[in-house]
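Biologist: I am new to this structure and would like a close look at a single part of it. Please take me slowly through one sheet and the helices around it, with each term explained when it comes up.

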Amino acid sequence: MILHHWDSDGICSAALLMRMQREENFTPKIGNYFLDNDDIEKLKGYDEIRVVDMNLPDAAKICEFARLWIYDHHMATKVECAQEHCNPSLYGESYPSATLVITERFNLPFDYIVALGIIGDNGPKTKELKEYKLIKNLEKNGITFDDLQKAVNLIDSSYKINDRKEVIKNVELVLDGIEAILENEKLNRNVELIEKEIEKWAGKAEKTGKICTLKMKTNYNIISAVTRKIVWENGGTALVLNHKDDRDEIYLRSIEMDVTQYIKIAKSRKYFAGGKKEVMGAILPKGEGERFFEEILKKIDEQHP
Ligand SMILES: [Mn+2]
């Protein structure tokens, strides 16, 4: 059983393993960077489990009932009970994708699947990576960077519309080739729906004091895209709150201030939070979003008179 992240890199990493050895694949519930009880129960039916492109805090639990292999590139601490924990970050090396980790580990050729993982995790910044040369090289086989970017957008559309079953099915689709991805009608419809939904919400953002804010309600996983669009269109800083059916989400993006302090505050509240200098994302229990939203807004106002 392969357990993988729901994004392009996770799906493509699973596809690389699957091509070597057919087995089942599965992802945690979209948005859960951990295993819930249902996941654990399901995994208990398998005695070999490969985790790819995910740093699960509870990975060691799997060792209690199965043999475990991990292939990843996120910052992590070594899982001692695993048969193999293959992650260059354990030795201080940063890799642009889990697909590249797997490719080097098993001496696989650099093909479109590896490239999709790299582009999925790095977006337009891919052009600054040393692997970009290898991706350009794929043009000889008729695979352009533009097609690869489109394919990533299509593959990622499944988690964005929150369709876990489709995410799982996409591993097979990736193995069918780049054309099969580009021509997939369902994924193309997803992309259209998502673009409409992003536009709808981004257009509702309002100026609140110094920054742009938005409170929205969608089960699509688009809060980062919506926030990015608001900043593109208005500049400055944007703060967005999303009320999902089962959780609240907060996103903060800025081109004028360092938001790292807010990541720290969110983590100190035990919220699942991450980001970097210009962006913070946090997942909160349902009902707690409003208060944290107002608190961030007040702090920003105080610091930017
Ligand atoms: Mn990844």
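Modeller: Two strands are said to pair if DSSP finds at least two bridges between them, and the strands (E, at least two residues) and helices (H or I, at least four residues) are themselves DSSP runs, numbered from the N terminus. Residues are numbered from 1 along each chain as its sequence is written. What you see is a predicted model, in which local features need pLDDT of at least 70 and side-chain atom pairs count only at pLDDT 80 or more, while totals for chains, interfaces and linings use all residues.

The part I would choose is an open sheet of five strands, which lie in the order β2-β1-β3-β4-β5 with parallel pairing. Its edges are β2 (25-26) and β5 (84-86), each of which pairs on one side only. At the β5 edge, that strand is joined in the parallel sense to β4 (residues 67-71) by three bridges, and there Y71 has C86 of β5 as its bridge partner. Helix α1 packs on this sheet, where it touches β1 (2-4), β2, β3 (48-52) and β4, and its direction makes about 160° with that of β1. Touching, or contact, is counted between two residues if their C-beta atoms, placed from the backbone, lie within 7 Å, while axes are lines fitted to C-alpha atoms, for helices over the stretch in contact, and angles run from 0 to 180 degrees between N-to-C directions. Another helix, α4 (residues 98-105), lies across β3, β4 and β5 and runs at about 110° to β4.

From α1 (residues 8-20) we can move outward to its partner α8, against which α1 packs at an angle of about 60° with the axes 9 Å apart. In the scheme used here, angles under 35 degrees count as roughly parallel, over 145 as roughly antiparallel, 65 to 115 as roughly perpendicular and the rest as oblique; α1 and α8 are therefore oblique to each other. Their crossing is right-handed, where a crossing is called left-handed if the near helix is turned anticlockwise from the far one by less than a right angle, and right-handed if clockwise. On the α1 side the contact is made by I11, C12, A14, A15, M18 and R19, and on the α8 side by V167, N170, V171, V174 and L175. Sorted by class, these are nine nonpolar residues, one polar and one charged, with Ala, Val, Leu, Ile, Met, Phe, Trp, Tyr, Cys and Pro counted as nonpolar, Asp, Glu, Lys and Arg as charged, and the others, Gly among them, as polar.

Helix α8 (residues 164-175) also packs with α7 (residues 145-160), at an angle of about 160° and with 9 Å between the axes, and α7 and α8 are therefore roughly antiparallel to each other. This crossing is left-handed, and the residues that make the contact are I155, S158 and Y159 of α7 together with E166, V167, N170 and V174 of α8. Four of the residues in the contact of α7 with α8 are nonpolar, two are polar and one is charged.

Following α7 further leads to helix α10 (residues 185-202), which packs with α7 at an angle of about 65°, the axes being 8 Å apart; that makes α7 roughly perpendicular to α10. Here too α7 passes its partner α10 in a left-handed crossing. From α7 come N153, L154, S157, S158 and K160, and from α10 come L187, N188, N190, V191 and I194. The contact of α7 with α10 divides into four nonpolar residues, five polar and one charged.

To set this part within the chain, it helps to add the division into domain 1 (2-189) and domain 2 (204-303), whose bounds come from an automatic or database domain assignment. The centres of domain 1 and domain 2, taken over C-alpha atoms, are separated by 27 Å, and seven residues of domain 1 are in contact with six residues of domain 2. On the domain 1 side of that contact, four residues are nonpolar, two are polar and one is charged.
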